There are 2 protein chains.
Amino acid sequence: MMNRLADLIRRKNAPVVVGLDPQLSFIPDRILRPAYMERGDALGACALALMIFNKEIIDAVYDLVPAVKLQSAMYEMFGVSGIDAYRDTISYAHGKGLIVMADVKRGDIGSTSEAYAKAHLGSVDAGGHVRYPFDADIATVNPYLGTDGIQPFLDVCRAEGKGIFVLVKTSNPSGKEFQDLICEGRPLYEHVAERMAALGESVREGEYSLLGAVTGATYPEEGRRLRELMPHQMLLVPGYGAQGATGRDLRAFFKEDGTGAIINSSRGIIAAWQKEAFNPEHHDDAGACARLAVQAMIGDLRKALD
Amino acid sequence: MMNRLADLIRRKNAPVVVGLDPQLSFIPDRILRPAYMERGDALGACALALMIFNKEIIDAVYDLVPAVKLQSAMYEMFGVSGIDAYRDTISYAHGKGLIVMADVKRGDIGSTSEAYAKAHLGSVDAGGHVRYPFDADIATVNPYLGTDGIQPFLDVCRAEGKGIFVLVKTSNPSGKEFQDLICEGRPLYEHVAERMAALGESVREGEYSLLGAVTGATYPEEGRRLRELMPHQMLLVPGYGAQGATGRDLRAFFKEDGTGAIINSSRGIIAAWQKEAFNPEHHDDAGACARLAVQAMIGDLRKALD
């Protein structure tokens, strides 16, 4: 899966993943109002609006980017109906040839991680019938419980040709609270990075391991260090746009040849229609503005990588 | 909520939470077969069987224990239908007067954690209608992303009178991999414990903070140390039964007066009907055996706490 992702990034010349993390406030009234009219249940109406909005965004950008990423929280917020929209969005994105990342940040003890892995990436035996409950391609995983919480994901990845990104370093303000604690001479996140690089060897297929890493970093030196510690990891890098980073800041996460990382932007793209820069006329064509924002982001990254 | 939990523990004299983490292999055929007959969709049939099984267990034990805990992975495994069973189980347990813990181990950056907190503990504004998507009472939270990933849960806890258990130390074999790394002179988990104790002060209501901790420990000294570092935290302790610990091993997690902790057992109770000790006649009354197992566990803990 990670080699397939690397291929698609190369073919589209766009190390960009579009975060489908819709909030109701990002969704135009022309979608919300009919959804509220059509569905009697409030959560179902919101979920329907999410789904229609996601389709519009996907239709507008699928030819430009290799992947989309769904933040599961934004769907769980709308209960069972929200999860329905989550699953349907994954399936719709697959129909457009996109790789789908499930940003679920799950992680538990072994047998429970196995259930999460089967749920989000793999299949279950449902009374003799094989079923893929959510069938995303790549999931994000939390490392706090150590290797035996991650191994079941790797087993599913190997069996199904899927992948994971393990949280190594996050770019939120408190990320450093524990991740930067100096443990035996080095920050905790370096220990995690090293352990993941070693663990990932068992599921390496050529250039990339099926185990990649989430690396948000505040300083370029950190990015370089992480890149060095995890030579066979594809890196998923959050923080572009809304969180402040630009293409230049992110150069350090890529290899010398400009490969090996994919940058996420969520609201910077899906809510671009609410920004003067992409929509000086204040219309509500969210898809068209998302396309402009993706093109601008790709341009910015290409410049930084040249 | 944590004071309410402490009260219920006292009234029932049972520091026990029953883990509703059903696997299909724990469910008797007399439930599975009709479920497969009734539902055309395989995942829906499994979810229906889960729900019927959970009701049987709840009916059999609700008068003995203060709380049940649902492991979300076991429901996500069955896709949207599984999540439906998850929500319905929460609601059924509420109807029986139980406190419901959502073992979701979520954790993300601020705005996303807010969505998780609203989803699992709080309410959302769904087009002008207030809705509680899952409405559990207490959720488990992963600390790897630091304070700003936890604060939104605390805000919801304060507003809604709910609680969280933050993972401090887990008892799985690899738990120590990162959690026991020595950071600035002490293991990482002690840093997490101390930070959580401080953070929990802002949501303390009398004896207990709305922020509690998950503390699985391998050695009693660790338990004592954790208890000491978090004087106002209710501790959720996994590992009883199937994971090997007995009442005596767990004494260290309780305060001198025998309060302040609640012990989880999952398969030891819900799959007790498959064990010789609770079912020498090999019948399939899962509820009756669960009740025996709960009574034995309560007896064991009372003895250890006396």
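Author: A nonpolar core is a set of buried Ala, Val, Leu, Ile, Met, Phe, Trp, Tyr and Cys residues joined through C-beta atoms within 7 Å. Buried means 20 or more other C-beta atoms within 10 Å of a residue's own, exposed means 12 or fewer, and partly exposed is in between, with C-beta atoms placed from the backbone. The model is predicted: local features need pLDDT of at least 70, side-chain atom pairs count only at pLDDT 80 or more, and totals for chains, interfaces and linings use all residues. Residues are numbered from 1 along each chain as its sequence is written, while chains are lettered from A and ligands numbered from 1 in the order in which they are written.

Reader: Which residues have the most contacts inside the largest nonpolar core?

Author: Nonpolar side chains tend to be buried together in soluble globular proteins. Here the largest nonpolar core has 232 residues. Those with the most contacts inside it are A:Val100, A:Val166, A:Ala290, B:Val100, B:Val166 and B:Ala290.

Reader: What is the mean pLDDT of chain A?

Author: The model scores ipTM 0.96 and pTM 0.96. pLDDT is the predictor's confidence in each residue, from 0 to 100. In chain A, 99% of the residues reach 70 or more, and the mean is 95.

Reader: How many residues of chain B take part in the contact with chain A?

Author: Two residues are in contact if their C-beta atoms, placed from the backbone, lie within 7 Å. Chain A supplies 58 residues. Chain B supplies 58.

Reader: Which helix gives the most to the side of chain A that touches chain B?

Author: Helices (H or I, at least four residues) and strands (E, at least two) are DSSP runs, numbered from the N terminus. That side of chain A has 31 nonpolar, 16 polar and 11 charged residues. Nonpolar covers Ala, Val, Leu, Ile, Met, Phe, Trp, Tyr, Cys and Pro; charged covers Asp, Glu, Lys and Arg; the others, Gly among them, are polar. With six residues at residues 110-120, the helix giving the most is α6.

Reader: Which residue of chain A comes closest to the rotation axis?

Author: A turn of 180 degrees and a shift of 0.0 Å along the axis lay chain A on chain B with an RMSD of 0.0 Å, superposed by least squares on C-alpha atoms with pLDDT of at least 70 in both. The two copies are therefore related as by a two-fold rotation axis. Both use the same surface: 100% of the contact residues of chain A recur in chain B. At 1.9 Å (C-alpha), the closest in chain A is A:Cys183.

Reader: Is A:Ala126 buried or exposed?

Author: A:Ala126 lies in strand β4 (residues 124-126) of chain A. Beyond neighbours within four places in sequence, its contacts include A:Arg131, B:Ala42 and B:Phe78. Because 24 other C-beta atoms lie within 10 Å, A:Ala126 is buried.

Reader: How many of the 13 residues of α9(A) are buried?

Author: Helix α9 (residues 188-200) of chain A should span 18 Å at 1.5 Å a residue, taken times one less than its number of residues. Its end C-alpha atoms are 18 Å apart, which agrees. The buried residues include A:Tyr189, A:Arg195 and A:Gly200. The helix is mostly covered, and the number buried is 10.

Reader: Is A:Glu184 buried or exposed?

Author: A:Glu184 sits in the loop between β8 (182-183) and β9 (186-187) of chain A. Its phi is near 45 degrees, a positive value in a residue other than glycine. Because only 10 other C-beta atoms lie within 10 Å, A:Glu184 is exposed.
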